[in-house]
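Here are some notes to read with the model open beside you. Take the points one at a time and look each one up as you go.

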Amino acid sequence: QVQLVESGGGLVQAGGSLRLSCAASVSIFSFNTLGWYRQAPGKQRELVAAISSGIRNYADSVKGRFTISRDNAKNTVYLQMNSLEPEDTAVYYCKGTSPYLGEFWGQGTQVTVSS
């Protein structure tokens, strides 16, 4: 059973930082693409950041503030979030996509940024 387990969410003040972690139960080499999405109340889920073959993509709203990275030895993908804004408040989800195993989502972790 492939599982993605997220951690690191919490409550921070505007301007603060958090690092989210997503630990996979299989080698992250299994995934062609790893990404972070977020969903705020009443809004659609949106892509925040993704990494594939060493190439990183970010939503315009987080460019320069967020960084996605991976640690293959730990089978973990991270999202470093700096200069957080109230607009970043959302549930953040980890996603892994594999042509062999399919698409998998983490359970989500809440990030709340106070003004």
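1. Start with a turn. Strands β7 and β8 make a hairpin, and four residues sit between them. Within that turn, look for N75, whose phi is positive at about 50°. Keep in mind throughout that this is a predicted model.

2. Now follow the two arms of that hairpin. β7 and β8 run antiparallel and are joined by six bridges. To find your place along them, use I68, which stands opposite L79 in β8.

3. On to the other neighbour of this strand. β3 and β8 are also antiparallel, with six bridges joining them. Here A23 has T76 in β8 as its bridge partner.

4. Put those pairings together and you get an open sheet of four strands, ordered β1-β3-β8-β7, with antiparallel pairing. Which are the edge strands? They are β1 (4-7) and β7, each of which pairs on one side only. Ignoring direction, neighbouring strands in this sheet are turned against each other by 15° on average. As general background, strands of a sheet pair through backbone hydrogen bonds, either parallel or antiparallel.

5. Next, the inside. The largest nonpolar core has 29 residues, and the members that touch the most others are F31, W36, V48, F66, L79, M81 and Y92. Two or more residues come from each of β3 (18-24), β4 (33-39), β5 (46-52), β7 (66-71), β8 (76-81), β9 (90-98) and β11 (109-114). Which strand gives the most to this core? That is β3, with four residues.

6. Y92 deserves a click of its own. Leaving out residues up to four places away in sequence, Y92 touches a list that includes W36, V48, F66, L79 and M81. Those five are also among the core members that touch the most others. The contacts of Y92 also include E6, R38, G108 and T109, so don't expect the list to stop at core names. L20, Y37 and V111 complete the set.

7. Then the aromatic rings. How many aromatic pairs does a search of the whole structure find? It finds three. One of the pairs is Y93 with W105, in an edge-to-face arrangement: 6.4 Å centre to centre, with 80° between the planes. Y93 is in strand β9 and W105 is in strand β10 (residues 102-105), so this pair ties together parts that lie 12 residues apart in sequence. Ring pairs also bring in Y37, which makes a cluster with Y93 and W105.

8. Are the two partners buried or exposed? Y93 counts as buried, because its relative accessible area is 14% and the cut-off for buried is under 20%. W105 counts as partly exposed, at 32% relative accessibility.

9. While you're at those rings, find R45. Its charged end sits over the ring of Y93, 3.7 Å from the centre. R45 also lies over the face of W105, at 4.8 Å from that ring centre.

10. Last stop, a glycine. G15 is in the loop between β2 (10-13) and β3, and it is exposed, with a relative accessible area of 55%. Not counting residues up to four places away in sequence, G15 touches S83 and L84. Also check G15 against S115: they are 100 residues apart along the chain, yet their C-alpha atoms are separated by 9.0 Å.

Definitions and conventions. Residues numbered from 1 in each chain as written. Predicted model: local features only at pLDDT ≥ 70, side-chain atom pairs only at ≥ 80, totals over all residues. Heavy atoms only, no water. Core = buried A, V, L, I, M, F, W, Y, C linked by side-chain atoms within 4.5 Å. Buried < 20%, exposed > 50% of the residue type's maximum accessible area, 1.4 Å probe, protein only. Contact = heavy atoms within 4.5 Å. Phe/Tyr/Trp six-rings, centres within 6.5 Å; stacked < 30°, edge-to-face > 60°. Lys NZ or Arg CZ within 6 Å of the ring centre and 35° of its normal. Pairing = 2+ DSSP bridges. Axes fitted to C-alpha atoms, helices over the stretch in contact; angles between N-to-C directions.
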